[in-house]
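Q: Please take a close look at one single part of this model. What does its setting tell a first-year student, and how does the rest of the chain help in reading it?

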Amino acid sequence: MSTTAASPTLATLATAQAGKPQRRLAALVSLAFGAVTLALLPVAGRHMAPMPGFVPVYQSALIVVYSLTTYLFLTHYRRTRSASLLVLGTGSLYVTLAVLLQMLSFPNVLAQGRILGSSPDTTTWLWTFWHLGPPLFALPYAIMEGDGRDRTVAPPRAGRTGLLAIAGTTVAAALTAVMVTRYVHLLPKSVEGDDYWLLTTSGVGPAVVALTVLALVVLCWTTRLRTVLQLWLAVSLLLLVFDNMVTLPGAARGTVGWFAGRLEALVAGFILLGVYLREVNFLYARAEAAADEREGRRAELQLARDNLDLALEAAEMGDWELDLRTGASRRTPRHDAIFGYREPVEAWGVETFLKHVVPEDRAAVRTTLEGANRTERFDLHCRIKRAGDGATRWVALRGKAYLDEAGGVRTIAGVVMDTTQQHEAEERLNQAQKMEAIGQLTGGVAHDFNNLLTIIVGNLDMIVRKPDNAQRVERLATSAMTAAKRGAEVTEKLLSFSRRQVLRPETVNPNRLLKEFGALLQRAVGETVEVRLDLDASLDPVRLDPGQFESAVLNLAVNARDAMPGGGTLTVKTCNAHLDAHEIADRPDLRPGAYVLVSVSDTGHGMDAATLTRAFEPFFTTKDVGKGTGLGLSQVYGFVRQAGGHAQIKSEAGRGTSVELYLPRSAEKAVDSRPDDPLPLRRAASGEMVLVVEDEPAVLEMAVESLGELGYRTLTATRASEALERLGGPERIDILFSDVVMPGGMNGVQLTVEARRLRPGLRVLLTSGYTGTALDEQGVPADLPLLSKPYQRDELANQLRIVLGRA
C-alpha cells in the first residue's frame, strides 16, 4: 500500500467541522427512525407475506455498501496516515466479510443448501458478529479521537501498517467463520428454526445492544461529535440500536420487526457511504473550481510572461534559470547573445558562466554565488569576455536563489544585462565630477593663498623699503608670520582631506584625549554653548594621530558653535560600535567589525538635504564670505578615512546635526598621557655637525641659518647621491637632516637606509610637507623622527633634542 502526504489545508470528512445544518439533519434522521421504530414495536412480531429473493438482495446490498465504505476509509487513511481512520476502515472490512459469510450460510441462496455451516445457529451467530463489528471498532476510534493527540503513522511505516491491519482483520473474519461452523455447538443456543427468541433470552441480543449503546455514548462524550464523520458515525450506531430494538421483539424471520431491522441496518451502513459520496461531490466541485482558477491563473501567468519577455527585450536583458542538481537550464536568446553567441548554446551552467568572466573578477563572482544560500539573492557586476570577437564587456546579473530542505542552493534564476555603455557613461560622469571638484578646489586654494600672499608680500616689501625702523619691521614681520601660519593651516587641511598628511599614530583611549581637551573645547565654543561629555567607561582603544583627532573634534565644535548663534548644547559622545556588512555596502574599502564611535552633536539649525550631500566637499561652505574656508568638515573626513574609519552626518533642518566618526578598534594597549610641559630649547652642546639634504635652495638656506643660530655646524647637499658622497668621506657628521621628497630617484627614507649602511648609528631627522605620493602611500616608518613643514626654529630644536636623546 503506497502512501502520500496529507495536505494540511484541505478539510475532509474526518476533519471538517460539523455545522448547524449537518447537526439538524442528523437529528432529523435520528428522530425519524426512532419514531418509526417506536411505531413498529407493537406489531414487530406480526408475520408479513413472503418476499422471495429478499435475503440475497439485502445481503448483496450490505456487502456493496460496506465494501465501498471500506475502500473510502482505507483510501482516506492512505492519504492522511490517520490511525483512527485505519481503525474504522478495518472495522468496515470486518463487517463486510461477516455479512458475506452470513450470506453463504443462508440455505438455497447461492447454492442448494448451505455453503457455510449446517444449521440456523451459524447464520444467527454471524448476524451477531457483524452487529458487534461497528461498536467494537467505534470504541477505539472514539478513544483515539477524544484525547486530541496526533496519531499519524510515520510515512515509512504507513503502508506496512495498513497491510498488517487488513491482514489481521481478514484473519479475524476467518477465525469467526471457523468458530460459528465447527464450534457453534459450544456457543449459546440462539435460534430454533426461524424463531430468534432465544437470542433475547440468552442475553446475547441485549449484550449487543448494550455494547452498541456504550460505543455511542463514548463517541458522543469524548469527541462531542465535532466533525462530520463523528456526527454521522453516531447516527449509524443509533440506527443499529434501533435495528436491534425492533428485531429482537419480532423474534422470528419474516416478521415486521425482522424486515424493519434489516432495512435500518442497511440504512445504518449506507449513511457513512452516502456522506462520503456527498463529500466526493463537494471535492469534485472544488476540483472543478480549482481547475478553472488554475486555468485562469495559467492564462494570467502566460500573459505576464509575455509582457515580461517584451519588457526584457525592450531593456535588452536576458532571462535565465539554472537547476544546480540536474544541470538543466532555461535561457532566452538575448542571454546567449550578450555572451557573444549568435545561436543559443545547448548547455549552460555556473562553470560555463565563470569561464566567460575575466580572471581578475572571477574570485569575487564565485564568492558571491557561493554566498547566495545565506541571502537567497545576489547582485553581480563584472566583466566578461564575449565568445567570437573576444571583446570585454561589463554585465550585471541580478537574481534569486531557491534553497532545498537542507539549506543548499537548488536553483538560481534571474536576469543579465550588458551594462558596458552605462559603465562608460558613469566613468565619464565621474571624471567630469572629479574635474569639477578639482576646479572648485584649485579656485578655493588660489583665492585663500592670494589673500595670504598679499599680506606676506606687502609686509616684506615694506620691510625691504624701510628696514631702519625696528618697531615697524617687527610689526610687519609679525603680520606676515600670522598670514604664513594661516597658509600652513590651509595646507594641512588640504593634505588631511586628500589623506596625504604624515600621521604619527598612537594607540590611545579617545576618552582621555577628550577629557584633556575639554577646557580648550569649552573656550572654543564660548560661554553660550554648554559642552557635555558622554563618555563610555568601557571604551576600546584606537590607533590614531592625537593631534589630528583633536583638530577634527575642534573643527566639529566650531561648526556646531556657528550653527547655534543663540547658544545651545554641544554633546560629545563615545561608545563601542559594530558595523555590519549591509551598513557599509557602499564602501568596499571598509571592513565590517568592531569600531569606536565618536559623535559630536549640536542643537543648532541643522542642514537641508542639498547641504548634507555636499558637506564633506572641500571649500564648500554656507558661511558668509571671509567667515570660513570650507575645509573644516573635509579635513575631518580625510582624517577619519586615513585612520581607516568611516564618517557620516545625520541632520535635519531645524533639528540639529550629529557627525559620527567610526574609528577601527585597536587590539593594542593605550599609551600613557603625553607630557604637558614644553621642553626647553635645545642648542648644540659641542658644535655637532648636521648634513642638510634639501633640493629647494630657499628652504636649504633657511634650514642652515636656523641650525647656525642653534650652534650647529652644517654641510649641505641638494640630492641623495650627493649626500651619500659626503657620508662616504672623512668629514664628521653627527646628524642627517633630510627632506623626504627629493628628485633623483631616491627619497629621504631610502637615503636613511643607505646612510646607516655607511655610518651605523647615524642619527637621522626627516622633514616633509607630505609623503603619500613619494613613498607609494606607505608613509614614513614610525621609528624615524619627522618634522612637518613649515616649521620654526624652536620646533627644529625640539626635534633635534629627541634625535640626540639628551638635554
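A: **A loop position and its setting**

Leu-225 is found in the loop between helix H7, residues 204-223, and helix H8, residues 228-250. The model is predicted, and local features are described where pLDDT is at least 70.

The backbone of Leu-225 deserves attention: its phi is near 50°, a positive value in a residue other than glycine. Most residues other than glycine have a negative phi. Leu-225 counts as buried because its relative accessible area is 14%, and buried means under 20%.

Arg-81 can be read beside this position. It lies in the loop between helix H2 (54-80) and helix H3 (83-105). Arg-81 is not a glycine, yet its phi is positive, about 60°. With a relative accessible area of 14%, Arg-81 is therefore buried. A glycine with a positive phi is Gly-711, which follows helix H20 and has a phi near 95°.

The chain as a whole gives the background. It has 23 helices and 17 strands, and 43% of its 807 residues count as buried. Its exposed surface is about 42,100 Å², of which carbon and sulfur atoms supply 57%. If one considers contacts between residues at least 6 apart in sequence, 71% of them join residues at least 24 apart.

Burial may next be followed along helices. Helix H1 runs through residues 20-40, which makes 21 residues. From its first C-alpha to its last, H1 reaches 30 Å, close to the 30 Å expected at 1.5 Å a residue. Its buried residues are Ala-26, Val-29, Ser-30, Gly-34 and Thr-37. Seen down the axis of H1, these buried residues fall within an arc of 125°, so they line one face of the helix. The face turned away from that buried side carries exposed residues, among them Lys-20, Arg-24 and Leu-28.

Helix H20, residues 697-709, can be examined in the same manner. Its 13 residues reach 18 Å from first C-alpha to last, close to the 18 Å expected at 1.5 Å a residue. Leu-700, Ala-703, Ser-706 and Leu-707 are buried in H20. They cover an arc of only 130° around the axis, and therefore they sit on the same side of H20. On the face turned away from this side are the exposed residues Pro-697, Ala-698, Glu-701 and Glu-705. The cover over the buried residues of H20 includes strands E13 (689-693), E14 (713-717) and E15 (735-739), together with helix H23 (793-804).

Strand E15 leads to an individual residue, Asp-739, which is found in that strand. A relative accessibility of 5% is why Asp-739 counts as buried. Leaving aside neighbours within four places in sequence, Asp-739 is in contact with Val-693, Glu-694, Asp-695, Gly-748, Thr-767, Ser-768 and Lys-789. An unreviewed UniProt entry annotates Asp-739 as "modified residue: 4-aspartylphosphate".

Two further strand residues show how burial is judged. Thr-569 has its place in strand E9, residues 568-579. Its relative accessible area is 16%, so Thr-569 is buried. Beyond its neighbours within four places in sequence, Thr-569 is in contact with residues including Val-529, Arg-532, Met-564 and Asp-602.

Arg-393 lies in strand E4, residues 392-403. With a relative accessible area of 26%, Arg-393 is therefore partly exposed, since the partly exposed class lies between the buried limit of 20% and the exposed limit of 50%. The side chain of Arg-393 makes a polar contact, at 3.1 Å, with the side chain of Asp-418. Apart from neighbours within four places in sequence, the residues in contact with Arg-393 include Cys-382, Ile-384 and Thr-420. Val-358 is 35 residues from Arg-393 along the chain, and their C-alpha atoms are separated by 9.6 Å.

To return to the part in question, Leu-225 joins two features: a positive phi near 50° and a buried place, with a relative accessible area of 14%.

Note on methods. Residues are numbered from 1 along each chain as its sequence is written. This is a predicted model: local features need pLDDT of at least 70, side-chain atom pairs count only at pLDDT 80 or more; totals for chains, interfaces and linings use all residues. Side-chain values use heavy atoms; hydrogens and water are left out. Helices (H or I, at least four residues) and strands (E, at least two) are DSSP runs, numbered from the N terminus. Buried means under 20% relative accessible area, exposed over 50%, partly exposed in between (1.4 Å probe, protein chains only). Contact means heavy atoms within 4.5 Å. Accessible areas come from the Shrake-Rupley method with a 1.4 Å probe; for residues, only the protein chains shown count as cover. The expected span of a helix is 1.5 Å times one less than its number of residues. The arc is that of the directions from the helix axis to the C-beta atoms. UniProt positions are given in the numbering used here, feature names are shortened, and annotations may be inferred rather than shown by experiment. A polar contact is a pair of N or O atoms within 3.5 Å; within protein, one must be able to donate a hydrogen and the other to accept it, and residues adjacent in sequence count only if both atoms are side-chain atoms.
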